[in-house]
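Work through the exercises below with the sequence and the model open. Each task is followed by a solution in steps.

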Amino acid sequence: MHKIDSTEKLKNPRFIKPIMINYSHFGVEKKWEAVLSHDSVAVLLYHTQKNAFVLVKQLRATVLNKNRDNGMMYELCAGIVDKEASNAQIAKEEILEECGYDVPVENLEKISSFYTSVGISGTHQTLYYAACDDSMKVSEGGGLHDEDIEVIYIPVEESREFMFDESYQKTTGVMMSFYWFFDTKKELYIKN
């Protein structure tokens, strides 16, 4: 069972920085409270032999703070851009760390990039697609030492129902990437 014990103001944050943005809009001076945070990458991983999407399930304290009954989220494999490496290389490393698949960087297909959390941070995310199979499985995944990530397989034939089943807490990236897959990779899931 997970629960929030308390909240407190950050004095020396590691990953974010609260700021006040002073700006002008049509000659009117304005202020906006914001948070500087790292950009990120995310990957829609499709397992060809299982005909399933590979997602991760993990506790998100921010969600638990909003929903005291359940902070578990279904998400794309993802990570922050916090080192000198290409976004594709970081995505490859996240797939290995979180899901246990060693996908060659050249197999990553960029879907798009966009801004997220625009009301608070305006971080930039780059979204990729990659196919994997059992031959690429090198570990159980699960993330780094302080992460508790469960690898989840959502069969493609169940994915549309999953998208709109609100009992599964999920990110908008999951839904957007599923739609992208349905639109661009029809040959992988439509049987003639």
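**Exercise 1. A salt bridge across the chain**

Is Glu109 buried, partly exposed or exposed, and what is its relative accessible area? Then find its salt-bridge partner and place both residues in the chain.

Solution. The model is a predicted one, and side-chain atom pairs count only at pLDDT 80 or more.

Step 1. Glu109 has a relative accessible area of 32%. Buried means under 20% and exposed over 50%, so Glu109 is partly exposed.

Step 2. The side chain of Glu109 meets that of Lys185 in a salt bridge, with 3.0 Å from N to O. Glu109 belongs to strand β7, while Lys185 sits in the loop between α4 and α5 (186–189), so the pair ties together parts that are 76 residues apart in sequence.

Step 3. Lys185 has a relative accessible area of 13% and is therefore buried.

**Exercise 2. Salt bridges that involve helix α2**

How many salt bridges does a search of the whole structure find? Describe the pair Lys83 and Glu93, then the pair Lys92 and Asp102.

Solution.

Step 1. The search of the whole structure gives four salt bridges.

Step 2. Lys83 and Glu93 form one of them, at 2.3 Å from N to O. The pair links distant parts of the chain: Lys83 is in the loop between β6 and α2, Glu93 is in helix α2, and they are 10 residues apart. Lys83 has 41% relative accessibility and counts as partly exposed. Glu93, at 23%, also counts as partly exposed.

Step 3. In the salt bridge of Lys92 with Asp102, the closest N and O atoms are 2.5 Å apart. Here helix α2 supplies Lys92 and the loop between α2 and β7 supplies Asp102, again 10 residues apart. Lys92 is buried, with a relative accessible area of 18%, whereas Asp102 is partly exposed at 34%.

**Exercise 3. The span and packing of α2**

What distance does helix α2 reach from its first C-alpha to its last, and what span is expected? Which strands do its buried residues pack against?

Solution.

Step 1. Helix α2 runs over residues 87–99 and has 13 residues. Its C-alpha span is 17 Å, close to the 18 Å expected at 1.5 Å a residue.

Step 2. The buried residues of α2 are Ala88, Ile90, Ala91, Lys92, Glu94, Ile95, Glu98 and Cys99.

Step 3. These residues pack against β3 (40–47), β4 (52–59), β6 (77–80), β8 and β9 (150–155).

Step 4. Gly100 follows α2 and has a positive phi, near 85°.

**Exercise 4. Helix α4**

Which residues of α4 are buried? Give the span of the helix as well.

Solution.

Step 1. Helix α4 covers residues 172–184, which is 13 residues. From first to last C-alpha it reaches 18 Å, close to the expected 18 Å.

Step 2. Its buried residues are Gly173, Val174, Ser177, Phe178, Trp180, Phe181 and Phe182.

**Exercise 5. Positive phi outside glycine**

What are the phi values of Phe26 and Ser117? Locate each residue and give its exposure.

Solution.

Step 1. Most residues other than glycine have a negative phi.

Step 2. Phe26 has a positive phi, near 55°. Phe26 lies in the loop between β1 (16–25) and β2 (28–37). At 77% relative accessibility it counts as exposed.

Step 3. Ser117 has a positive phi as well, near 50°. Ser117 is in the loop between β7 (109–116) and β8 (123–132). Its relative accessibility is 43%, so Ser117 counts as partly exposed.

**Exercise 6. Annotated ranges and a surface patch**

Which residues does the UniProt annotation "short sequence motif: Nudix box" cover? Which residues make the nonpolar surface patch of about 350 Å²?

Solution.

Step 1. The unreviewed UniProt entry gives the Nudix box motif as residues 79–101. Over this range the chain is 57% helix and 9% strand, with the end C-alpha atoms 15 Å apart.

Step 2. UniProt (unreviewed entry) also places the feature "domain: Nudix hydrolase" at residues 36–176. Over that range the chain is 23% helix and 35% strand, and the end C-alpha atoms are 24 Å apart.

Step 3. The patch is made by Leu10, Phe15, Ile16 and Ile80. Ile16 lies in strand β1 and is partly exposed, with a relative accessible area of 32%.

Note on methods. Residues numbered from 1 in each chain as written. Predicted model: local features only at pLDDT ≥ 70, side-chain atom pairs only at ≥ 80, totals over all residues. Heavy atoms only, no water. Helix = DSSP H or I, 4+ residues; strand = E, 2+ residues; numbered from the N terminus. Buried < 20%, exposed > 50% of the residue type's maximum accessible area, 1.4 Å probe, protein only. UniProt positions renumbered as here; feature names shortened; annotations may be inferred. Patch = residues over 30% accessible without salt bridge, like charges linked within 9 Å, V, L, I, M, F, W, Y side chains within 5 Å. Areas by Shrake-Rupley, 256 points an atom, 1.4 Å probe, with all protein chains shown as cover. Expected span 1.5 Å × (residues − 1). Contact = heavy atoms within 4.5 Å.
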